[in-house]
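Me: Please take a close look at whatever empty space this model encloses. I should like a connected account of what lines that space and of the elements around it.

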Amino acid sequence: MAPSSTPVVRTLSDLLEAQAAVQPDAEAITDGRTRLDWATYAEKSARLARTLADTGLRPGDRVAIRLPKSVESFVGVHAVLRAGGVVVPIDQFAPADYARGVIADADARLLLTSADASTVDALTDGTSVAGVIDPIGDGDSEGRVIGRPEAFSSPPHEGRPPQPTDAAYIIFTSGSTGRPKGIVHTHASALAYARRAVDTYGLDETDRLANIAPLHFDQSTFELYAGPLAGAAVLVVPDGALRFPASTSKLIAEERVTIWYSVPFAARQLAERGALDRHDLSALRWVLFGGESFPAPALATLMRLLPGVRCSNVYGPAETNQCTFHHLDEPPDGSETIPIGTAWAGTDLAVVDGGEVVDGAGTGELWISSPTMMREYWRQPEQTATALVQRDDLGSATRWYRTGDIVRRRPDSLLEFVGRTDHQVKVRGHRVELEAVELAIAARPGVEACSVMVDGDTLAALVVPADLDRAALLSGIRDTLPAYAVPHRVVGVDSLPRTGTGKVDRSASASLLPERTGPDRTSG
């Protein structure tokens, strides 16, 4: 067990050395294939950081990381931070054109990847990338040049230690305009999140965290930064294992995982296809979920399969990291909506409607003020000015992030997510939140997934599975939705396309909706 005090951590670059100083021989990270203790984890990241510095990498230079989920990918992140660079994680499954666009937008100097030469060419053509490094090294070195060695014509750059106000990473989201938005977090904002996560979930060196999210999804910051801050070991669950829920549950049982954090889809897959009853999951103490709504019936099923495990709905846009939570110790009633809860420590929330604060129960846009907030959108000053606003009349905080999320404050002060301002549509003169309709459908028996979209002057819904009784579904949701919000067409499909983070891909789903062929509005 680690001593009660660890060296001072001022930036993310201090995390591994701090744990190596107090528990060098304790296991720090594994992907089921490679295992590192804290001393080795720190040394490997330090060696790779020296390789990056040898290229002339300067403080603030962006380094794109496109690697499979593995121990090496985590080492790569911490090496970039220790070298003073800014981490730009890339979805390894994204089309080359999209990934190249992100790399170009970030103006990345280096690319860490184990991809083959043709893929490297496709990713870097026309970009500012000067060097490509495979971070899997041998012996006393770490990392080898696999492309564009001209980077090494630059003199080695010692630089200065990273500062709390320096940019640490940029998470690129799809963006509502089609152009990816780069969310810039500093060492200070990331550490503020990590410290609150450690306190909220009681993390310590006895914990083992399952990393489910890919690096380009902000949920991964829980394992990347909160884990090392607490001295908790991390199991990086490989993508191959995640494709087979039974393999995932077997792995987390064997590795004695104590905390699972994922989108609801991954948790539902574990409950439905993970054969949980065949494995000893007694070490698991907490399941965290966030990123989209978790229908109460499905959550209740999961909790009954994991008796004694606390579940928490975790809410927070990538721009703020987490900011609210709602803990559940018992399975919810099947008809209730799971709240996003209340603010965690050090965070101010305001529900704003038409520029005015909603006092007491009511509905409006959620505004957040927290040390965990992003610094800016990367090279998008207009977007930044719209999202980050100064208001002196909302309490003690003055700098606020406008989430674009519509929430309802209940009489008991808990917040419920209602929908997005940019997913609000008008149907025959009525305003409808697409997420609210999806939540009502997802709560019906037998529904595994759904996506709702505008269909002419009405709504249509895609539902999984394809053989679902659509007439019964429509009959059921008419009891919970106003008539104008009930889809006039329900189309059964075998599956819905999903993003790399496990969320339903709304734009891609629209292509599955067939054209109307007649008056039958309950089939497709």
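Reply: On a 1 Å grid over the protein atoms alone, a cavity is a set of points where a 1.4 Å probe fits but cannot get out, and its lining residues have an atom within 4 Å of a point. The structure is a predicted model, in which local features need pLDDT of at least 70 and side-chain atom pairs count only at pLDDT 80 or more, while totals for chains, interfaces and linings use all residues. Residues are numbered from 1 along each chain as its sequence is written, and side-chain values use heavy atoms, with hydrogens and water left out.

A search of the whole structure returns 2 cavities of 30 Å³ or more, a volume being the space filled by probe spheres set on grid points that are joined across faces, edges and corners. The largest cavity holds about 60 Å³. Its lining consists of Val-77, Val-87, Pro-89, Tyr-169, Ile-171, Leu-215, Ser-220, Thr-221, Leu-224 and Tyr-225. Two or more of these residues come from each of strand S4 (86-89), strand S8 (167-173) and helix H7; helices (H or I, at least four residues) and strands (E, at least two) are DSSP runs, numbered from the N terminus. The leading contributor is H7, with 3 residues. By class, this lining has 8 nonpolar residues, 2 polar and no charged, where Ala, Val, Leu, Ile, Met, Phe, Trp, Tyr, Cys and Pro count as nonpolar, Asp, Glu, Lys and Arg as charged, and the others, Gly among them, as polar.

Helix H7 spans residues 221-230, and 10 of its 10 residues are buried, that is, under 20% relative accessible area with a 1.4 Å probe, protein chains only. Thr-221, Leu-224 and Tyr-225, which belong to the lining of the largest cavity, are among these buried residues, as are Phe-222, Glu-223 and Pro-228. Immediately after H7, Gly-231 adopts a positive phi of about 80 degrees.

The second largest cavity has a volume of about 40 Å³. Around this space stand Ile-252, Ala-253, Arg-256 and Val-257, together with Asp-280, Leu-281, Ser-282, Ala-283 and Leu-284. Its lining divides into 6 nonpolar residues, 1 polar and 2 charged.

The second largest pocket offers an open counterpart; a pocket is an open set of grid points with protein on both sides within 12 Å along at least five of seven lines. This pocket has a volume of about 430 Å³ and a lining of 24 residues, with Ser-335, Thr-337, Ala-436, Leu-439 and Ala-440 nearest its centre. Helix H11 (296-305), strand S23 (415-420), helix H13 (434-442) and helix H14 (470-477) each give two or more residues to that lining. The largest share, 4 residues, is supplied by H13. In class, the pocket lining comprises 13 nonpolar, 6 polar and 5 charged residues.

H13 is largely enclosed by the rest of the structure, because 7 of its 9 residues are buried. Ala-440, named above as one of the residues nearest the pocket centre, is buried, as are Leu-434, Glu-435, Val-437, Glu-438, Ile-441 and Ala-442.

For the wider setting, the protein chain contains 15 helices and 28 strands, and 57% of its 524 residues are buried. Along the principal axes, its C-alpha atoms fill a box of roughly 70 × 50 × 50 Å.

Key
Buried < 20%, exposed > 50% of the residue type's maximum accessible area, 1.4 Å probe, protein only.
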